[in-house]
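Ready for a few exercises? Have a look at the structure first, then try each task before you read its solution.

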Amino acid sequence: MIQYSGDRNQFDSETSDADTNYTDVKVSVTNESGINDEDFNVDFADALVTGLATDAKSIPCRFLYDKRGSELFEHITDLHEYYPTRTETSILRGFSAEFARAAGAEVALVEFGSGSSTKTELLLDSLGSKAKVYVAVEISQAALDAALNRIQDRFPELSTVGICDDFNRGITLPANIKQHSLVGFFPGSTIGNLERTESIQLLIAMRETLGDQATLIVGTDLVKSPDLLIPAYDDARGVTAEFTRNILLHANYAVGTDFCVDAFQHQVIWNESQQRIEIYLISLHEQSVNFLGRTIKLHRRERIHIENSHKYTIEGFRALAKHAGWKTKDIWTDQHEWFAVHELAAN
Ligand code: AVJ
């Protein structure tokens with residue numbers, strides 16, 4: 001790779017003085033913070049400037065999902081303590097067979113935060129030739145590419161569309177998709193990351209995106225004992241701790257912060273009144289973090305909020321969905337009532 005610190009358009013010129021042919025060479029421009037322009041993440045930089053400026057420090061959890069973060073999350077889903085993935089998957093086995101029987105003849109499936117698209121295969125398998133289009137919305141480009149390649153191999157007749165973006169920003173569907181029966185798929189209890197009011201906003205936005213004939217399938221983690229909840233987010237092998245701390249490594253290469261990752265500890269709290277798991281990184285000693293000409297001081301034990309994972313009762317989520325204009329249809333759950341899959345209808 002060539003490091004070049006001038007006007008990179010110079011390399012576009014076909015009549016370059018240099019002997020070298022640059023057309024096949026990736027030219028990267030390095031800015032003052034030492035990061036390649038192509039890799040510098042403006043959105044992440046903004047979030048850090050805002051999130052670290054106050055006493056109640058925070059980093060938005062969407063930045064957990066760089067390539068390494070997406071890989072670590074996949075490890076989490078295999079952990080014994082992390083019950084949501086395998087529980088929801090077993091629910092979806094029964095659900096998808098019944099759902100497919102009642103589905104329209106030409107279905108377009110739109111998944112929000114698709115990650116590895118593993119659960120999607122259950123729905124696509126059951127839908128068979130009824131599934132015409134699959135739209136995957138995912139913030140991690142690496143995860144999106146890998147998942148869509150695998151899905152396309154497994155379902156060669158299916159049209160696939162990848163949208164690499166934050167689904168909270170509102171997405172635009174391909175124009176010709178509305179001729180199909182639209183089915184939104186929002187599994188994994190991803191909705192739990194949002195505050196309750198934000199969840200309502202998102203469900204309203206999804207109804208607008210998908211249209212008034214749509215169905216929405218949402219997975220929510222159910223309220224349960226902290227004895228089960230805490231270990232699910234603080235596993236014995238420390239995979240979740242590594243996942244949380246990786247957000248600092250992501251900041252270091254994408255924004256140029258100089259976080260010392262080993263000086264932060266993963267902490268998990270069950271907030272009973274808010275009915276949510278809260279995840280923090282605690283500064284083990286007094287330290288400062290430098291980036292973009294700023295210095296942020298952290299005192300010993302000061303914490304940075306990283307993630308919330310809200311838990312819902314069945315009735316609590318149904319009320320919230322109704323509030324957002326959705327009609328509540330079927331609910332599927334497991335024998336322990338640990339997890340719920342809600343089927344909602346726009347009309
Ligand atoms: C992907 C948001 C559903 O809240 O359970 C898992 C994220 N964080 N372990 C969750 C997560 C730490 C996960 N969601």
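**Exercise 1.** Keep in mind that this is a predicted model. How many Å is a nitrogen atom of the ligand from an N or O atom in the side chain of Glu 307?

*Solution.* Start at Glu 307: an N or O atom of its side chain sits 2.8 Å from a nitrogen atom of the ligand. Next, check how much of the ligand is covered: on its own it has 360 Å² of accessible area, and the protein covers 97% of that.

**Exercise 2.** Find what the side chains of Tyr 82 and Tyr 233 have close to an oxygen atom of the ligand.

*Solution.* Take Tyr 82 to begin with: an N or O atom in its side chain is 2.5 Å from a ligand oxygen. Then go to Tyr 233, where a polar side-chain atom is 2.6 Å from an oxygen atom of the ligand.

**Exercise 3.** Sort the shell around the ligand by class.

*Solution.* First, pick out some members: the residues around the ligand include Phe 73, Ser 189, Asn 193 and Phe 243. Now count by class: the shell has 5 nonpolar, 6 polar and 1 charged residues. Last, look at the elements: helix H8 (239-254) and strand E13 (303-310) each bring at least two residues to this shell.

**Exercise 4.** Which helix gives the most to the lining of the largest cavity?

*Solution.* Begin with the volume, about 50 Å³ for the largest cavity. Its lining includes Phe 112, Phe 167, Leu 202 and Met 206. Helix H6 (residues 196-210) contributes the most, with 4 residues. Finish with the classes: 6 lining residues are nonpolar, 2 are polar and none is charged.

Notes
Residues numbered from 1 in each chain as written. Predicted model: local features only at pLDDT ≥ 70, side-chain atom pairs only at ≥ 80, totals over all residues. Heavy atoms only, no water. 1 Å grid on protein atoms, 1.4 Å probe; cavity = no way out; pocket = protein on both sides within 12 Å on 5 of 7 lines; lining within 4 Å. Points joined across faces, edges and corners; volume = space filled by probe spheres on them. Nonpolar A, V, L, I, M, F, W, Y, C, P; charged D, E, K, R; others polar. Near = heavy atom within 4 Å. Polar contact = N/O pair within 3.5 Å; in protein donor to acceptor, adjacent residues only side chain to side chain. Areas by Shrake-Rupley, 256 points an atom, 1.4 Å probe, with all protein chains shown as cover.
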